Amino acid sequence: MIKFFGLLLVLLPLTSSASVYCQEADKTGISQGVRFDNTDNLYKVGGQGRLQFYSAPDTKCIMKGTFVIPGDDLIAYVEYGDFYRVMYVADDDQVTGWVKKNRLIETHKGIAPNYDE
């Protein structure tokens, strides 16, 4: 039993530091990333299989059990590196996070009207 608590004391700070790292990476991605024009920010998930969500633009920051599938629609807000910060909206569900941008297909539509047309 004491060995278990000793192991727990060693592992808890690692979990906590990973969480802090992901929070900081998320803030960096949001503040330093390129923001999307809301007239052209709707995307479809392409490719095959699940598209994993991340809490920050880093593959270390996986959101376990949170993913979308091909054909799902995403609203993109920020581009940072190989990732887009997106929102997925379904009937009774809304998820915000980061996904790898190479799986997204442009629709040339947005959540705001384009008054320039």
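Accessible areas here come from the Shrake-Rupley method with a 1.4 Å probe. By that method, the accessible surface of the chain in this predicted model comes to about 7900 Å², and carbon and sulfur atoms account for 55% of that area. Of the 117 residues of the chain, 32% count as buried.

The overall layout is easy to follow along the sequence. One helix and eight strands make up the regular elements of the chain, and from the N terminus on they run in the order α-β-β-β-β-β-β-β-β. Contacts that reach across the sequence are a useful second view of this arrangement. Among contacts between residues at least 6 apart in sequence, 62% join residues at least 24 apart.

A good place to look inside the model is the largest nonpolar core, which has 14 residues. Within this core, Phe53, Leu74, Val86 and Leu104 touch the most other members. At least two core residues come from each of strand 2 (42-45), strand 3 (51-54), strand 5 (73-80), strand 6 (83-90) and strand 7 (93-100). Strand 6 gives the most, with three residues. Leucine 74 shows how such a residue is surrounded. With residues up to four places away in sequence left out, leucine 74 touches Asn41, Leu42, Tyr43, Val45, Leu51, Phe53, Val68, Val86, Met87, Tyr88, Val99 and Leu104. Three of the residues named above as touching the most other core members, Phe53, Val86 and Leu104, are thus also among the contacts of leucine 74.

Strand 6 also has a clear partner. Strand 6 and strand 7 run antiparallel and are joined by eight bridges. A hairpin of two residues leads from strand 6 to strand 7, and alanine 90 stands opposite aspartate 93 in strand 7. In a regular strand, side chains alternate between the two faces of the sheet.

Tyrosine 54, in strand 3, offers another view of the interior. Tyrosine 54 counts as buried because its relative accessible area is 10%, under the 20% limit for that class. Leaving aside neighbours within four places in sequence, tyrosine 54 is in contact with Thr59, Cys61, Ile62, Met63, Phe83, Gly97, Trp98 and Lys100. Arginine 85 lies 31 residues from tyrosine 54 in sequence, while their C-alpha atoms are 9.1 Å apart in space.

One of the contacts of tyrosine 54, Cys61, also takes part in a covalent link. The structure holds one disulfide, formed by cysteine 22 and cysteine 61 with their sulfur atoms 2.1 Å apart. This disulfide connects distant parts of the chain: cysteine 22 belongs to helix 1 (residues 2-32), whereas cysteine 61 sits in the loop between strand 3 and strand 4 (62-68), 39 residues apart. The link is left-handed, with -95° about the S-S bond. Both cysteine 22 and cysteine 61 are buried.

Charged side chains add a further set of links, and a search of the whole structure finds four salt bridges. Three of the pairs are described here, beginning with one inside the helix. Glutamate 24 forms a salt bridge with lysine 27, and the closest N and O atoms are 3.7 Å apart. Both residues lie in helix 1, three residues apart, which is about one turn of the helix. Glutamate 24 is classed as partly exposed because its relative accessible area is 41%, between the limits of 20% and 50%.

A second salt bridge joins the side chains of lysine 44 and aspartate 73, at 2.7 Å from N to O. This pair links distant parts of the chain, with lysine 44 in strand 2 and aspartate 73 in strand 5, 29 residues apart. Lysine 44 counts as partly exposed at 33% relative accessibility, and aspartate 73 is partly exposed at 44%.

Strand 5 also supplies glutamate 79, whose side chain meets that of lysine 101 in a salt bridge of 2.4 Å, N to O. Here too the pair links distant parts of the chain: lysine 101 is in the loop between strand 7 and strand 8 (104-106), 22 residues from glutamate 79. Lysine 101 is partly exposed, with a relative accessible area of 25%, and glutamate 79 is likewise partly exposed, with 26%.

Notes
Residues are numbered from 1 along each chain as its sequence is written. This is a predicted model: local features need pLDDT of at least 70, side-chain atom pairs count only at pLDDT 80 or more; totals for chains, interfaces and linings use all residues. Side-chain values use heavy atoms; hydrogens and water are left out. A nonpolar core is a set of buried Ala, Val, Leu, Ile, Met, Phe, Trp, Tyr and Cys residues joined through side-chain atoms within 4.5 Å. Buried means under 20% relative accessible area, exposed over 50%, partly exposed in between (1.4 Å probe, protein chains only). Helices (H or I, at least four residues) and strands (E, at least two) are DSSP runs, numbered from the N terminus. Contact means heavy atoms within 4.5 Å. A disulfide is a pair of cysteine sulfur atoms within 2.5 Å. Two strands pair if DSSP finds at least two bridges between them.
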